[in-house]
Amino acid sequence: MAANSTSNTDENIPVFEYNDINTKPFHVGSFRTAWLEKLQPVDYSYEEKDEETRDAEFVNEMGIAADTLDELKGICRQRKKKQDYKGTLRIDKISRVDHYQNELESLAVGKRPDNPSDLVPEGEIILSINVLYPAIFERFKYVRPHMTLHMLGSHSLVDLRDAICCISDLQVFGEFSNTPDMAPDFLSKDHFKSAFFYFEGVFYNDMRYPECQDISETSIEWAKTRDFPPFAKAKMEDTCFYDLTLKVGYPYLFCHQGDCEHVVIVTDIRLAHRDDCLDRKLYPLLTHKHRVLTRKCAVCHVYIGRWLTTNDPFAPNDPCLFCERCFRMLHYDQAGNKLGHFMAYPYVDPGAFN
Ligand SMILES: [Zn+2]
Ligand SMILES: [Zn+2]
């Protein structure tokens, strides 16, 4: 696009920085404004045009005759019939859970809200965002699958933050062999609320709660002494996607729990279409979630692991994973007294989110 143009609007029409990888930075809100100025309201309206009007427009646009269109329609119908038949021959091998997930996703397609006030406004933008697994877990080092979310331009960054489910938020830290009943109430998310997003030189800190700390400060100070360009900061809760300047396709950062770092990539920004989920209440819309294999109890091999023990004379290996039942049965008497010496750490299986 007009790279040598000096008008502000044109600077915010994304162009590739690296072909097919990422764009140059642009301001999301201005990009949307440029769109809305260029298009007619009828172009992004949710109203469906009747078939006659659509046909006439198509014929006009393609420069073909009306009977060519009829011919095309006939061929398409035949192809569709063949395809549908072929579809019935294929045996679906995907699992029940995948099936359910696909179904969930297609349920949201074109969904209208029960209450008209929840309708996503015409001309709203939808961002597709990939959130990758953190690299701190050994098992995610080589495969880094992710979750994909659709967010609206009017969403604030805290909406994204709250939609990211990461097992480190649910990790329970501490040794609880003496008081196993106390463990589940102590969740990291309640204790360590600080977090930030990083986009284009700006750290967006979650400062909603009094106990939140500005955890970007260390990085900003460190960068100052290292001859980096200066970094700015802002509040996550005061920033919506329209306010952001970013590159589409470029890896940014979400950091929480001190050192749990996720790569965040905005893969697409577009205007809402009538076939999108138009119920504002269903956003942030989860459209993809990678499923993780669960780790089973080392004793019964049936239930999901819930406790990790070390220095444990009852365990076949060290550390060892137990389900709630086997853990209690092996390590405590009927009155709940601890038997022998061992350490026990609550364990949250990443598969618990499937
Ligand atoms: Zn995390
Ligand atoms: Zn078990």
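How many bridges join strand S7 (residues 202–205) to S8? Four bridges join these two strands, and S7 and S8 run parallel. The model is predicted. This briefing covers two open sheets, beginning with one of eight strands and going on to one of three strands, and then turns to a zinc site with four cysteine donors.

**The eight-stranded sheet**

- Eight strands make up this open sheet, in the order S8-S7-S6-S10-S11-S4-S5-S12.
- The pairing in the eight-stranded sheet is mixed.
- Strand S8 (232–235) and S12 are the edge strands, and each of them pairs on one side only.
- On average, neighbouring strands of this sheet are turned by 25° against each other, direction ignored.
- Where S7 meets S8, Asn205 has Lys235 in S8 as its bridge partner.
- Helix H2 (residues 28–38) lies across strand S4 (125–132) and strand S11 (260–271).
- The helix H2 runs at about 10° to S11.

**The three-stranded sheet**

- Three strands form an open sheet in the order S14-S13-S15, with antiparallel pairing.
- Strand S14 (320–322) and strand S15 (343–346) each have a single partner strand, so one side of each is left without a neighbour in the sheet.
- Neighbouring strands here are turned by 30° against each other on average, direction ignored.
- Strand S13 (residues 307–310) pairs with S14 over three bridges, in the antiparallel sense.
- Trp307 has Phe322 in S14 as its bridge partner.
- Helix H11 (residues 324–331) lies across S13, S14 and S15, and runs at about 105° to S14.

**The zinc site**

- The zinc ion (ligand 2) has four protein donors: Cys297 (SG), Cys300 (SG), Cys323 (SG) and Cys326 (SG).
- These donors lie 2.2 to 2.3 Å from the zinc ion.
- The angles among the four donor atoms are 99 to 115°, and the site is tetrahedral.
- For comparison, the ideal angle for four tetrahedral donors is 109.5 degrees.
- The donor residues of the zinc ion (ligand 2) are spaced C-x2-C-x22-C-x2-C in sequence.
- Cys297 lies in the loop between strand S12 (285–289) and S13, while Cys326 lies in helix H11, so this pair ties together parts that are 29 residues apart in sequence.

**Burial of two donors**

- Buried means under 20% relative accessible area.
- Cys297 has 0% relative accessibility and therefore counts as buried.
- Cys326 has a relative accessible area of 9%, so Cys326 is buried.

Note on methods: Residues are numbered from 1 along each chain as its sequence is written. Chains are lettered from A and ligands numbered from 1 in the order in which they are written. This is a predicted model: local features need pLDDT of at least 70, side-chain atom pairs count only at pLDDT 80 or more; totals for chains, interfaces and linings use all residues. Side-chain values use heavy atoms; hydrogens and water are left out. Two strands pair if DSSP finds at least two bridges between them. Axes are lines fitted to C-alpha atoms, for helices over the stretch in contact, and angles run from 0 to 180 degrees between N-to-C directions. Contact means heavy atoms within 4.5 Å. Donors are N, O and S atoms within 2.8 Å of the metal (3.2 Å for Na, K and Ca); water is not among the atoms, so sites may look incomplete. Four donors count as tetrahedral if all angles lie between 85 and 135 degrees; four count as square planar and six as octahedral if opposite donors are over 155 degrees apart and all others between 65 and 115; anything else is irregular. Buried means under 20% relative accessible area, exposed over 50%, partly exposed in between (1.4 Å probe, protein chains only).
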